[in-house]
Amino acid sequence: MHNKLVVAGAGWLGMPVAQAAVAQGWQVQATRRQPHDDELSRQLVHDGKTLVHNVSLQQAFWLCAMPPGARREDSNYLETLEATLALATELQMSGFLLCSSTGVYADADGHYTEQGALAATDSRRQRILQQAEQLVLSHGGKVLRLAGLVGPGREPGQFIAGKALRSSAQERVNMVHRDDVVAAIMCVMSQWPQARAVYNICSPAHPLKRDYYQAHCALAGTVPPSFASDDSKARIIDGSAIEALGFSYQHAI
């Protein structure tokens with residue numbers, strides 16, 4: 001029997017996962033707010049009252065790659081997620097995997113594993129992230145906490161160029177390449193029974209922000225950012241637990 005996958009949110013991250021699954025022989029439906037004219041695409045959008053969709057795959061894995069509350073129109077993220085989980089349950093899902101963020105952890109210095117202290121929910125975004133995780137875990141799903149994403153169209157030497165950052169030049173970088181995230185998602189879904197409920201996905205390299213951004217801006221020919229301070233700070237996200245599944249990070253950040 002072919003593996004099946006529904007990608008909820010086939011954007012910058014979700015679509016490469018859909019394509020990777022297709023390349024591995026999976027049957028795939030990939031959803032967006034507006035339907036696109038290709039064989040993978042389906043619509044899935046919450047109109048404020050109900051979930052409008054044409055997803056039909058039975059017994060599929062589900063990946064939620066919708067960004068939480070990044071924009072004002074995403075303010076019904078939790079409502080959408082809840083309705084998506086209900087649909088996935090109705091279609092007898094094989095498992096549900098949520099793309100969350102390492103932003104759920106506290107901002108204090110420390111070495112953060114999956115058991116690390118979660119942030120006191122000061123910000124709306126952190127509150128939404130934590131509620132989303134609890135919702136998915138309560139449905140027997142799993143969670144990937146993604147570090148800062150880099151990759152095509154998100155080159156650090158471009159998106160950080162000339163900015164005045166609120167962080168310290170001495171902070172450590174917690175980043176991961178999109179290709180490694182795609183591989184991690186496929187790894188967890190293909191080893192679902194053995195996989196833990198929560199994994200951090202973060203490159204093992206943690207250079208200083210000043211060195212990291214200066215190097216990337218030099219490569220891109222852009223102006224390096226400035227930093228708010230030079231205070232020593234070491235908040236490290238440990239993404240090594242997933243390596244127990246045979247996964248290894250391949251891409252430089």
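**Entry 1: the edge of the sheet.** I began at strand β3 (residues 41-46), which three bridges join to β4, the two running antiparallel. Looking along this pair, I found His46 opposite Leu51 in β4. A reminder to myself: this is a predicted model.

**Entry 2: the whole sheet.** Next I traced the neighbours outward. The sheet is open, has eight strands with mixed pairing, and its order reads β4-β3-β2-β1-β5-β6-β8-β12. Its edge strands are β4 (51-53) and β12 (198-201), each of which pairs on one side only. I also looked up the twist: neighbouring strands are turned by 20 degrees against each other on average, direction ignored. Then I checked α3 against this sheet. Helix α3 packs on it and touches β6, β8 and β12, with its direction at about 165 degrees to that of β6.

**Entry 3: helix α3.** I stayed with this helix for a while. It has 15 residues and reaches 21 Å from first C-alpha to last, close to the 21 Å expected at 1.5 Å a residue. Which residues of α3 are buried? I noted Gln126, Ile128, Leu129, Gln130, Ala132, Glu133, Leu135 and Val136. Their cover includes α2, β6 (95-101) and β8 (142-146). After the helix comes Gly140, and I see that its phi is positive, near 80 degrees.

**Entry 4: α3 and its partner α2.** How do these two helices pack? Helix α2 (residues 77-90) and helix α3 (residues 124-138) meet at an angle of about 10 degrees, with their axes 10 Å apart. Angles under 35 degrees count as roughly parallel, so I call α2 and α3 roughly parallel to each other. From α2, the contact uses Tyr77, Leu78, Leu81, Glu82 and Leu85; from α3, it uses Ile128, Gln131, Ala132, Leu135 and Val136. Sorted by class, I have eight nonpolar residues, one polar and one charged in this contact.

**Entry 5: helix α5.** I moved on to residues 178-190. At 1.5 Å a residue, the 13 residues of α5 should span 18 Å, and the end C-alpha atoms are indeed 18 Å apart, which agrees. This helix is mostly covered, with 10 of its 13 residues buried. Among the buried ones I wrote down Arg178, Asp180, Ile185, Cys187 and Met189.

**Entry 6: strand β13.** Is this strand largely covered or in the open? Of the seven residues of β13 (residues 226-232), the number buried is zero, so the strand lies largely in the open. Its partner is strand β10 (residues 164-170), and the two pair in the parallel sense over four bridges. Here I found Leu165 opposite Phe227 in β13.

Note on methods: Residues numbered from 1 in each chain as written. Predicted model: local features only at pLDDT ≥ 70, side-chain atom pairs only at ≥ 80, totals over all residues. Heavy atoms only, no water. Expected span 1.5 Å × (residues − 1). Buried < 20%, exposed > 50% of the residue type's maximum accessible area, 1.4 Å probe, protein only. Axes fitted to C-alpha atoms, helices over the stretch in contact; angles between N-to-C directions. Parallel < 35°, antiparallel > 145°, perpendicular 65-115°, else oblique. Contact = heavy atoms within 4.5 Å. Nonpolar A, V, L, I, M, F, W, Y, C, P; charged D, E, K, R; others polar. Pairing = 2+ DSSP bridges.
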